[in-house]
Amino acid sequence: MDGVELWRGLDRAARHALPATSILIMVVVLGIPGLLPWQPACRAGFVVASVFFWTLYRPASLPAPVVALLGVLLDLLGASPLGMWAALLLIEQAGIAAVRRSLVAQGFPLVWLAFAGVVLAVAAAEYATRSLLDLAILPPGPIITQAIIAILLYPLLAVVLIRAHRGAAAPEQA
């Protein structure tokens, strides 16, 4: 293998790893206290939106074991029950993969509507899990706020992710 092939291979690997790496970096940055208002909700919303986007448009770049590890990290930084976010994100990823072929060809408004449905399902599952583990009916306000932030965050995040999808994260351009 000559030097050019080595650099080309490293470039492809870096582009392939960009989705998981960017999610990891943002989860850690959003774990720093005091950066934003509603920071924990932003962190969870960012991860749900990123998993949705990359599973829809570049599923090979975000394999299930990586999604599970990102969920565990989200649990550890957010003081969630360990494994809850890993399970929720894996269920989200499986659901998106099931409808990916029909959804990927749709325009942005329909994709955003589908994302809103996914967020509501994830929020309902999170609420049910937390209530079940605490053996109490928890106040739904924080989870509703988190869902609203995720839905509103998606169009802004999609602009950045679409650019990454077509540029820096595109292994075919290596």
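Q: In which order do the elements of the chain run from the N terminus on?
A: This is a predicted model, in which local features need pLDDT of at least 70 and side-chain atom pairs count only at pLDDT 80 or more, while totals for chains, interfaces and linings use all residues. Residues are numbered from 1 along each chain as its sequence is written, and side-chain values use heavy atoms, with hydrogens and water left out. Helices (H or I, at least four residues) and strands (E, at least two) are DSSP runs numbered from the N terminus, and the chain has 6 of the former and 0 of the latter. Read from the N terminus on, the order is therefore α-α-α-α-α-α.

Q: What is the radius of gyration of the chain, and why does it count as being as compact as a globular protein of that length?
A: The C-alpha trace spans about 60 × 35 × 25 Å along its principal axes. The radius of gyration is taken over C-alpha atoms, and the globule rule is 2.2 Å times the number of residues to the power 0.38. For 174 residues this rule gives 16 Å, and the chain is close to that figure, so it is as compact as a globular protein of that length, with a radius of gyration of 17 Å.

Q: Where does UniProt place the feature "transmembrane region"?
A: The UniProt entry is unreviewed; its positions are given in the numbering used here, feature names are shortened, and annotations may be inferred rather than shown by experiment. In the model, residues 43–60 are 83% helix and 0% strand, with end C-alpha atoms 23 Å apart, and residues 103–123 are 81% helix and 0% strand, with end C-alpha atoms 21 Å apart. Both of these stretches are among those that UniProt lists, which are residues 16–36, 43–60, 66–91, 103–123 and 143–162.

Q: Which helix gives the largest share of the largest nonpolar core?
A: A nonpolar core is a set of buried Ala, Val, Leu, Ile, Met, Phe, Trp, Tyr and Cys residues joined through side-chain atoms within 4.5 Å, where buried means under 20% relative accessible area, exposed over 50% and partly exposed in between (1.4 Å probe, protein chains only). The largest one has 40 residues, of which I23, V47, F52, L62, W85, F115 and Y154 touch the most other members. Helix 1 (3–29), helix 2 (39–57), helix 3 (64–78), helix 4 (84–103), helix 5 (108–134) and helix 6 (141–166) each supply at least two residues. The largest share, 10 residues, comes from helix 2.

Q: Which geometry do the rings of F52 and F115 have?
A: Rings of Phe, Tyr and Trp (its six-membered ring) pair if their centres lie within 6.5 Å, and planes under 30 degrees apart count as stacked, over 60 as edge-to-face and the rest as tilted. By this rule there are 7 aromatic pairs, and ring pairs link F52, F108, W112, F115 and Y154 into a cluster. F52 is in helix 2 and F115 in helix 5, so their pair ties together parts 63 residues apart in sequence. Because the ring centres are 5.1 Å apart and the planes lie at 65°, the pair is edge-to-face.

Q: Against which helices do the buried residues of helix 5 pack?
A: The expected span of a helix is 1.5 Å times one less than its number of residues, which for the 27 residues of helix 5 gives 39 Å, in agreement with end C-alpha atoms that are 38 Å apart. Its buried residues are V111, F115, A116, V118, V119, V122, A123, E126 and S131. With contact meaning heavy atoms within 4.5 Å, these residues pack against helix 2, helix 4 and helix 6.

Q: Is L135, which follows helix 5, buried or exposed?
A: L135 is found in the loop between helix 5 and helix 6. Its phi is near 55°, a positive value in a residue other than glycine. With a relative accessible area of 76%, L135 is exposed.

Q: Which residues does S50 touch, not counting residues up to four places away in sequence?
A: S50 has its place in helix 2 and, at 0% relative accessibility, counts as buried. L161, which lies in helix 6, is also buried, with a relative accessible area of 7%, and its contacts beyond four places in sequence are S50, F53 and W54. With the same neighbours left aside, L62 is in contact with residues including I23, S50 and V67. The residues that S50 touches are I23, L62, L157 and L161.
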